[in-house]
Amino acid sequence: MKIDWAALGIVAVVSITATVLFMILLATSIRLLSAARVKTNQGQSATVTLSLGYSLLGLAALLVLFCIYLIVPQFH
Amino acid sequence: MGSDVTELFVVIAVVMVALIFDFTNGFHDSANAMAGPVATGALRPRTAVILAAVLNLVGACLSTEVAKTISGGFFDEELITVSIILAGLVGAIIWNLLTWLLGLPSSSSHALFGGLIGAVIVGAGFASVHGWVIVSKVLLPAIVAPLVAGIGAALATMLAYRITRRTPSGHSNTGFKYGQAFTASLVALAHGTSDGQKTMGVITLVLIAANLQPPDTGPQPWVILSAGIAIGLGTYSGGWRIMRMLGKGVVEIETPQGAASGAASTATILSSAHLGFGLSTTHVATGSILGSGVGRRDAEVRWGVARKMVFAWLLTLPGSGLVGGAAGLLANRGLAGVIALLVLLAGTCLVIWAFSRPNKISRHNVTDSREVLVLASPRQAEYVNDPRGDAVTKPKKNKKHKAKSAA
């Protein structure tokens with residue numbers, strides 16, 4: 001029997017990609033939501049920034065759900 | 001005469017011992033995942049403990065790939081007997097207790113694998129161990145997965161700080177606080193998936209060995225559920241440790257680092273579990289914590305502590321293998337040997353308990369024995385990592401603290 005290098009490679013690529021993607025989404029949404037709050041405090045409208053921030057947060061959650069969906073055999 | 005009854009007795013004993021092993025695993029691990037968000041105030045202790053326990057149970061039901069690796073991949077199922085598996089489990093538990101007493105950071109997952117391998121070699125010969133499967137699904141992932149988690153956490157930490165560079169620190173702190181609570185919950189889920197399955201694999205292996213289940217099949221629903229419940233209950237009763245860590249005023253690594261390392265651990269553990277790798281969750285978590293230290297410029301990483309952990313990890317497989325092999329010698333002697341093994345297990349627990357008493361393991365020196373991996377900054381307190389990782393059993397302290405917190 002041979003060693004399954006491909007499986008190790010998949011783990012490496014998928015894990016790092018998922019982690020980095022999740023963090024980009026999370027950090028960007030934190031940045032946007034903060035910017036929205038600053039804007040609101042200055043009396044400006046921040047609807048776009050706010051909704052953009054929340055949708056990125058939603059995307060991050062979706063990413064996690066999708067990854068879990070991928071590993072559960074009952075869904076396939 | 002009565003060999004069926006004997007076998008049934010041994011099967012039940014193994015299932016019980018395996019579930020206890022599972023319980024102690026949850027008891028030991030998941031509180032660690034939740035200590036971060038509790039310390040930052042993102043979750044209340046009670047919420048965190050219940051959440052971790054439930055997610056452990058849910059996680060255990062998610063996948064059975066690791067269980068299948070253990071029950072169907074490691075060993076030649078034809079040659080495995082029930083008593084060999086009992087010997088493996090006893091070897092793993094005794095090794096865990098010994099390393100716990102000596103303060104060695106040892107992985108209970110690797111102790112389990114080592115114990116089983118040792119017992120199988122003694123009981124059924126070298127040929128019955130599928131060496132390549134073990135290299136491919138345990139040894140290599142043990143090296144690769146922590147590295148992957150570390151790289152992921154380092155990259156994510158760097159990105160987190162870079163993206164929120166101009167964000168007011170109050171805002172980003174609050175944001176990452178909840179991010180950290182979220183990823184810590186995911187770690188609890190992944191922990192259930194990865195470690196819960198090891199127990200399922202062992203129980204399934206026993207059922208196959210006792211001809212109660214056909215070879216090459218996965219764990220049965222009741223096995224999945226009871227393993228999930230055992231690890232969840234363990235997590236729930238281990239929750240007091242969070243209070244203790246808080247009581248000592250232990251401050252975390254910064255919240256972006258916590259969020260990053262949690263995300264990296266989760267991604268690595270879940271993807272590895274999906275491919276049937278028998279990982280130690282503690283190894284991965286340690287890798288990502290180190291990575292989150294590397295990813296932040298002004299954080300101080302204690303490489304000496306990391307090195308010590310690596311040595312302990314290297315020792316675990318052969319060490320527990322030897323203990324498992326010795327137990328295998330006993331287990332081969334029929335019912336008398338099996339009973340002797342169970343008595344020996346109980347005796348060892350008692351002796352080690354007695355030995356640890358003079359050291360008075362109280363809340364003070366327990367936290368002292370934890371080792372610092374990453375210092376957030378000189379002024380801040382340190383992130384404290386459990387050196388024994390997912391090592392098994394600290395029942396005594398649990399009772400003490402339960403009594404205390406109840407009082």
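Let me begin with a pair of helices in chain B: α7(B) and α10(B) pack at an angle of about 25°, and their axes lie 7 Å apart. I should say straight away that this is a predicted model, so please hear every value that follows as one computed from that prediction. Since angles under 35 degrees count as roughly parallel, α7(B) and α10(B) are therefore roughly parallel to each other. The crossing in which α7(B) passes α10(B) is left-handed, and the contact between these helices is made up, by class, of eleven nonpolar, twelve polar and one charged residues.

Staying with α10(B), we can turn to its packing with helix α11, residues 281–294 of chain B, where the angle is about 145° and the axes are 8 Å apart. Here the crossing is right-handed. On the α10(B) side the contact includes B:Gln257, B:Ala260, B:Ser261 and B:Ala264, and among the residues they and their neighbours meet in α11(B) are B:Thr281, B:Val284, B:Ala285 and B:Ser288. By class, the contact of α10(B) with α11(B) holds six nonpolar and eight polar residues, with no charged ones.

Let me now step back to chain B as a whole. This chain has 15 helices and three strands, and of its 407 residues 60% count as buried. If we take the contacts in chain B between residues at least 6 apart in sequence, 88% of them join residues at least 24 apart.

That brings me to the other chain. How many residues does each chain give to the contact? Chain B contributes 39 residues and chain A contributes 31. On the side of chain B that touches chain A, the elements giving two or more residues are α6 (131–163), α7 (169–209) and α10 (255–274) of chain B, so named here that you can find them on the screen. Of these, α6(B) gives the most, with 17 residues. By class, that side of chain B has 26 nonpolar and 13 polar residues, and no charged residues.

Finally, the core. The largest nonpolar core has 141 residues, and those that touch the most other members are A:Met23, B:Val14, B:Ile85, B:Leu86, B:Leu89, B:Ala156 and B:Val206. I would like to close on one of them, B:Ala156. Leaving aside residues up to four places away in sequence, B:Ala156 touches A:Thr19, A:Val20 and A:Met23 in chain A, together with B:Ala260, B:Ala263 and B:Ala264 in chain B. Two of the residues just mentioned, B:Ala260 and B:Ala264, also take part in the contact of α10(B) with α11(B).

How values were computed:
Residues are numbered from 1 along each chain as its sequence is written. Chains are lettered from A and ligands numbered from 1 in the order in which they are written. This is a predicted model: local features need pLDDT of at least 70, side-chain atom pairs count only at pLDDT 80 or more; totals for chains, interfaces and linings use all residues. Two residues are in contact if their C-beta atoms, placed from the backbone, lie within 7 Å. Helices (H or I, at least four residues) and strands (E, at least two) are DSSP runs, numbered from the N terminus. Ala, Val, Leu, Ile, Met, Phe, Trp, Tyr, Cys and Pro count as nonpolar, Asp, Glu, Lys and Arg as charged, and the others, Gly among them, as polar. A nonpolar core is a set of buried Ala, Val, Leu, Ile, Met, Phe, Trp, Tyr and Cys residues joined through C-beta atoms within 7 Å. A residue is buried if 20 or more other C-beta atoms lie within 10 Å of its own, exposed if 12 or fewer, and partly exposed in between; C-beta atoms are placed from the backbone. Axes are lines fitted to C-alpha atoms, for helices over the stretch in contact, and angles run from 0 to 180 degrees between N-to-C directions. Angles under 35 degrees count as roughly parallel, over 145 as roughly antiparallel, 65 to 115 as roughly perpendicular and the rest as oblique. A crossing is left-handed if the near helix is turned anticlockwise from the far one by less than a right angle, and right-handed if clockwise.
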